[in-house]
Amino acid sequence: MNTSPKLLVLKLFLDQLGVSDDIATVGDRKRVQKAVYLGQVAGADLGYRFSWYLMGPYSPGLTEDYFELDTKRDLVREAGTGKVLHPQYVLALRAIKPLLDPPEDIPLRQEQWLELLASYHYLRRVSKLQDSQAVDVLANKKPALVHFVDHARNAIDRNPALGTPG
């Protein structure tokens, strides 16, 4: 059984971010989706295309790949021994890695925080909504997260790798 270079790069990408490739729960899968979205926005583009879905930015292609990665985990790990990401990707991912964990004063799990960050960014940058419109969408679609939107906005605005949305 062979492993594709794309799966190897996905594994190295997640490892660089310190994000587990475990996809046992919806929260795990959400964490992978949002981390890859943010990593791509920061400049480490793996070619996944995202659209808006129930939990924010979502890529069906990424879903296929992380399920395949799950079934070939040992092969991919073995194939990745001694391999590293392109230095440009490493720099891009290092730039956003501090954003991946919620601030200490924010009572959200990592996957919720990433959902908020990625969703706000997507609404502003991709959907090109004004700030107030993006907040309205979040209030409607993610009422449990919208209370923390100011923290997400500030985190994104302070991180030059993500640029100012909109």
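This is a short tour of helix packing and aromatic pairs in a predicted model.

Before you start, note that residues are numbered from 1 along each chain as its sequence is written. Because the model is predicted, local features need pLDDT of at least 70 and side-chain atom pairs count only at pLDDT 80 or more, while totals for chains, interfaces and linings use all residues; side-chain values use heavy atoms, leaving out hydrogens and water.

**Stop 1: H2 against H6**

Select residues 26-41, which form helix H2. Add residues 110-126, which form helix H6. Helices here are DSSP runs (H or I, at least four residues), strands are runs of E (at least two), and both are numbered from the N terminus.

Two packed helices are described by the angle between their axes and the distance between the axes. H2 and H6 pack at about 40°, with their axes 9 Å apart. Axes are lines fitted to C-alpha atoms, for helices over the stretch in contact, and angles run from 0 to 180 degrees between N-to-C directions. H2 and H6 are therefore oblique to each other. (Under 35 degrees counts as roughly parallel, over 145 as roughly antiparallel, 65 to 115 as roughly perpendicular, and the rest as oblique.)

The crossing of H2 and H6 is left-handed. That term applies if the near helix is turned anticlockwise from the far one by less than a right angle; clockwise gives right-handed.

Now show side chains. On the H2 side, the contact includes Lys30, Tyr37 and Leu38; on the H6 side, it includes Glu111, Glu115 and Tyr122. Contact means heavy atoms within 4.5 Å. The residues of this contact divide into nine nonpolar, three polar and six charged. (Ala, Val, Leu, Ile, Met, Phe, Trp, Tyr, Cys and Pro count as nonpolar, Asp, Glu, Lys and Arg as charged, and the others, Gly among them, as polar.)

**Stop 2: Lysine 30**

Stay in H2 and pick lysine 30. Is lysine 30 buried or exposed? Lysine 30 counts as buried, at 14% relative accessibility. (Buried means under 20% relative accessible area, exposed over 50%, partly exposed in between, with a 1.4 Å probe and protein chains only.) Leaving out residues up to four places away in sequence, lysine 30 touches Met55, Glu111 and Glu115.

**Stop 3: The aromatic cluster**

Select Tyr37, Phe50, Trp52 and Tyr122, which form one aromatic cluster. Rings of Phe, Tyr and Trp (its six-membered ring) pair if their centres lie within 6.5 Å; planes under 30 degrees apart count as stacked, over 60 as edge-to-face and the rest as tilted. The count by this rule is five aromatic pairs.

Zoom in on tyrosine 37 and phenylalanine 50. Their pair is edge-to-face, at 5.3 Å centre to centre and 80° between the planes. Tyrosine 37 sits in H2, and phenylalanine 50 in the loop between H2 and strand S1 (51-53), 13 residues apart. Tyrosine 37 is buried at 4% relative accessibility. Phenylalanine 50 is also buried, with a relative accessible area of 15%.

Next, add tyrosine 122. Tyrosine 37 and tyrosine 122 make a tilted pair: 6.1 Å centre to centre, 55° between the planes. Tyrosine 37 is in H2 and tyrosine 122 in H6, so this pair ties together parts 85 residues apart in sequence.

**Stop 4: H6 against H8**

Keep H6 and add residues 149-158, helix H8. The two axes come within 9 Å and cross at roughly 70°. H6 and H8 are therefore roughly perpendicular. Their crossing is right-handed. The contact residues include Trp113 and Leu117 of H6, and Ala155 and Ile156 of H8. By class, there are eight nonpolar, two polar and one charged.

Pick alanine 155 in H8. Alanine 155 is buried, with a relative accessible area of 6%. Apart from neighbours within four places in sequence, alanine 155 contacts Leu99, Trp113 and Leu117.

**Stop 5: H6 against H7**

Swap H8 for helix H7, residues 131-141. The axes of H6 and H7 come within 9 Å and cross at roughly 135°. That makes H6 oblique to H7. This crossing is right-handed. Among the residues that meet are Leu116 and Leu123 in H6, and Ala134 and Leu138 in H7.

**Last stop: Lysine 128**

Select lysine 128, in the loop between H6 and H7. Lysine 128 has a positive phi of about 60°, although it is not a glycine. Lysine 128 is exposed, with a relative accessible area of 63%.
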